[in-house]
Amino acid sequence: MIISSFPKFRRALLAWSAAHGRDLPWRRTRDPYAILVSEIMLQQTQVATVLSYYREWLRRFPDVRTLAAASASDVLHAWQGLGYYARARNLHAAAKIIVEQHRGTFPTSAEEIRKLPGVGRYTANAVATFAFDHSLPIVEANTARLLARLLNLQLRIDSTAGQQHLWSLATGLLPRHNAGTHNSALMDLGALICTPGQPNCPACPVREFCTAVHPAKLPLKKPRTELKQLTEHHSYIRRNGSILLEQSTDRWRGMWIFPRLANPPAAAPLHQSHFPFTHHRVALRIFKTKAPRGMAANQKWTKVEEVEQIAMPSPHRRALRELLAASAAGSCRNTSSYVNFNTR
Ligand code: SF4
């Protein structure tokens, strides 16, 4: 693309966006806190999934002070099912920093926003451009794919050199005013027309500027690492209408899971399922075992009717629901399933 074509590109993009752009709830607000929530949720999750979580989150934590004052378990419970729980912990920590160090006023510059935990260049610029209309570029998955194709970029987009090309084009394309509208339009074009796999080039409003030769083969990326198999064993222990659970201290820090079992019994598991976790495919196996004589400090009995109120990662929540349903039906049958969503 040549620089002199940028104004024409912007006009074509905006005209398309006015007619076809997505109407998303976080586009109807200038509240930087709400925009940050949406951006953090969208980091590893599809828009369709985020919509209901975003609304529920803002109902529970409508502003930065409410979130800062919430307990860690309430925050994790609200995030339950979205996966990648470090995002919830970072958002909680960011709210506390804004209250304690900025007197509850959201910072307005991208540099200050970027100092918040879990906030990188893209997220800081997105909040600054969408909330404060700062003229800053953004590069995320949809725009990276679109820009790489416009440039016919033969570098991997996850390489330093590839990233430099993308940010440089995104910066060059920026208008002086209404950068938020422009950036939203770029994201929508990537999400709706310049899609992964086969893009819809005949419907593309900027195809005259596009230099991609084989767009379906772009963008180039580092090959995916192969999934490793992992098996995890846990106990299902019930007593007097309660279930023994354990608060995780590592992967799902702060959330409640079935107690870990170092050595699985010889008997068949009550429940088996699989779930993806970063570069692993984890086999979750849950065995019926006897109540221990003493409990570990991070274990507690929870009444069956109260388990929905505590934060559990999705694979364990799903297993628990299946086991309780089987128990309520008076069945000892084993349960098994495959949980296909992010769980970090
Ligand atoms: S012409 Fe095709 S490859 Fe190029 S930007 Fe448009 S949709 Fe993407």
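Here is a short walk through a helix pair and a few backbone details in this structure, which is a predicted model.

Let us start with two helices that pack together. Two packed helices are described by the angle between their axes and by the distance between those axes. Here the partners are helix 3, covering residues 47–60, and helix 5, covering residues 72–79; their axes lie 10 Å apart and meet at an angle of about 155°. Angles over 145 degrees count as roughly antiparallel, and helix 3 and helix 5 are therefore roughly antiparallel to each other. Their crossing is right-handed. On the side of helix 3, the contact is made by Y53, W57 and R60, while helix 5 brings D74, V75, H77, A78 and W79. Sorted by character, the residues of this contact comprise five nonpolar, one polar and two charged.

Now let us turn to the loops. In the one between helix 6 (86–101) and helix 7 (110–113) you will find R103. Although R103 is not a glycine, its phi is positive, at about 50°. R103 is also exposed, because its relative accessible area is 72% and exposed means over 50%.

Further along, D133 sits in the loop between helix 8 (121–132) and helix 9 (141–151). D133 is another residue other than glycine with a positive phi, in this case near 55°. With a relative accessibility of 27%, D133 counts as partly exposed.

Our last stop is P219, in the loop between helix 11 (179–192) and strand 1 (228–236). The peptide bond leading from L218 to P219 is cis, and its omega is near 0°.

Terms used
Residues are numbered from 1 along each chain as its sequence is written. This is a predicted model: local features need pLDDT of at least 70, side-chain atom pairs count only at pLDDT 80 or more; totals for chains, interfaces and linings use all residues. Side-chain values use heavy atoms; hydrogens and water are left out. Axes are lines fitted to C-alpha atoms, for helices over the stretch in contact, and angles run from 0 to 180 degrees between N-to-C directions. Helices (H or I, at least four residues) and strands (E, at least two) are DSSP runs, numbered from the N terminus. Angles under 35 degrees count as roughly parallel, over 145 as roughly antiparallel, 65 to 115 as roughly perpendicular and the rest as oblique. A crossing is left-handed if the near helix is turned anticlockwise from the far one by less than a right angle, and right-handed if clockwise. Contact means heavy atoms within 4.5 Å. Ala, Val, Leu, Ile, Met, Phe, Trp, Tyr, Cys and Pro count as nonpolar, Asp, Glu, Lys and Arg as charged, and the others, Gly among them, as polar. Buried means under 20% relative accessible area, exposed over 50%, partly exposed in between (1.4 Å probe, protein chains only).
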